[in-house]
Amino acid sequence: VPASAQAPKPEEVKPEVPALTAMHDVIMPMWHDAWPNKDYKALAEMLPKIEDHLKQIERAELPGILRDKRPAWNEGVVKLRAVVADYRAAVKAGDNEALLKEAERLHTDYEALVRVIRPVLKEMEDFHGTLYVLYHYQLTPLDLPGVTQSAKTLKEKMGPLNAAALPDRLKDRTAAFEAQRARLSAAVDRLLEQLAARDTIRIREAIELMHMEYEKLEQVFE
């Protein structure tokens, strides 16, 4: 059955990895309680849980919507594995200074892995959810009613995305973000124009262009 003949499963369009979310249960007390209080005993006692969460993350499958993130995800998992090994070594050696340092690194590398799968803005995540269905389920073979509905939804979602502001840590990317966001917005409008004209070749081209402009928007933060 071609992908377009079926609807994606709900979990396929959610940019989530449950195993990564679950690890937050140990990262949070480690970083907010044990680390600032220099509670070396608590940090050492967290090791088995940290190792167990790492195993779950190593086994985790990315949902379809995150297929493009696989190389960055794999790289992040390798880093996480390395820092957990160093954390383990610090615990075994009873080296408290090293343990503090590795706990800080573990928090940093965990947050970096979260950022790999979670778009910078909620509004981008919302837009991408619809774009994923259009591009991977409605383009081949071309499902004109589906594409038309998705294009209208994307136009609606472009409103909140156009109004969204970057967080303070990314203020230096604002100019590049706004310029690329304008190109994406124009590409959405172009798709709607081509749908009205009903030229299937140009509709396909407009979809490809819009998909590319969205990818370039994500690349602003890489």
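Is Lys155 buried, partly exposed or exposed, and what is its relative accessible area? In this predicted model, Lys155 is partly exposed, with a relative accessible area of 39%. The side chain of Lys155 meets that of Asp189 in a salt bridge, with 2.7 Å from N to O. Because Asp189 belongs to helix α8 (residues 174–197) and Lys155 to helix α7 (residues 144–163), the pair ties together parts that are 34 residues apart in sequence. Asp189 is likewise partly exposed, its relative accessible area being 28%.

Within helix α8, Glu178 and Arg181 also form a salt bridge, at 4.0 Å from N to O, and these two residues, 3 residues apart, are separated by about one helical turn. Glu178 is partly exposed, with a relative accessible area of 41%, whereas Arg181 is buried, at 8%. Elsewhere, salt bridges that share partners join Asp86, Lys101, Glu102 and Arg105 into one network. In the salt bridge of Lys101 with Glu102, the closest N and O atoms are 3.9 Å apart, and Glu102 is buried, with a relative accessible area of 6%. The count of salt bridges comes to 10.

Helix α1 was examined for its span and its surroundings. Its 17 residues (residues 18–34) should span 24 Å at 1.5 Å a residue, and the end C-alpha atoms are 24 Å apart, which agrees with that expectation. A kink of about 35° nevertheless lies at Val26, shortly before the proline Pro29. Val26 is one of the buried residues of α1, which also include Leu20, Met23, Ile27 and Trp31. Among the elements that cover these buried residues are α2 (40–45), α3 (47–59), α4 (70–93) and α5 (96–117).

Notes:
Residues are numbered from 1 along each chain as its sequence is written. This is a predicted model: local features need pLDDT of at least 70, side-chain atom pairs count only at pLDDT 80 or more; totals for chains, interfaces and linings use all residues. Side-chain values use heavy atoms; hydrogens and water are left out. The expected span of a helix is 1.5 Å times one less than its number of residues. The bend at a residue is the angle between axes fitted to the seven residues ending there and the seven starting there. Buried means under 20% relative accessible area, exposed over 50%, partly exposed in between (1.4 Å probe, protein chains only). Contact means heavy atoms within 4.5 Å.
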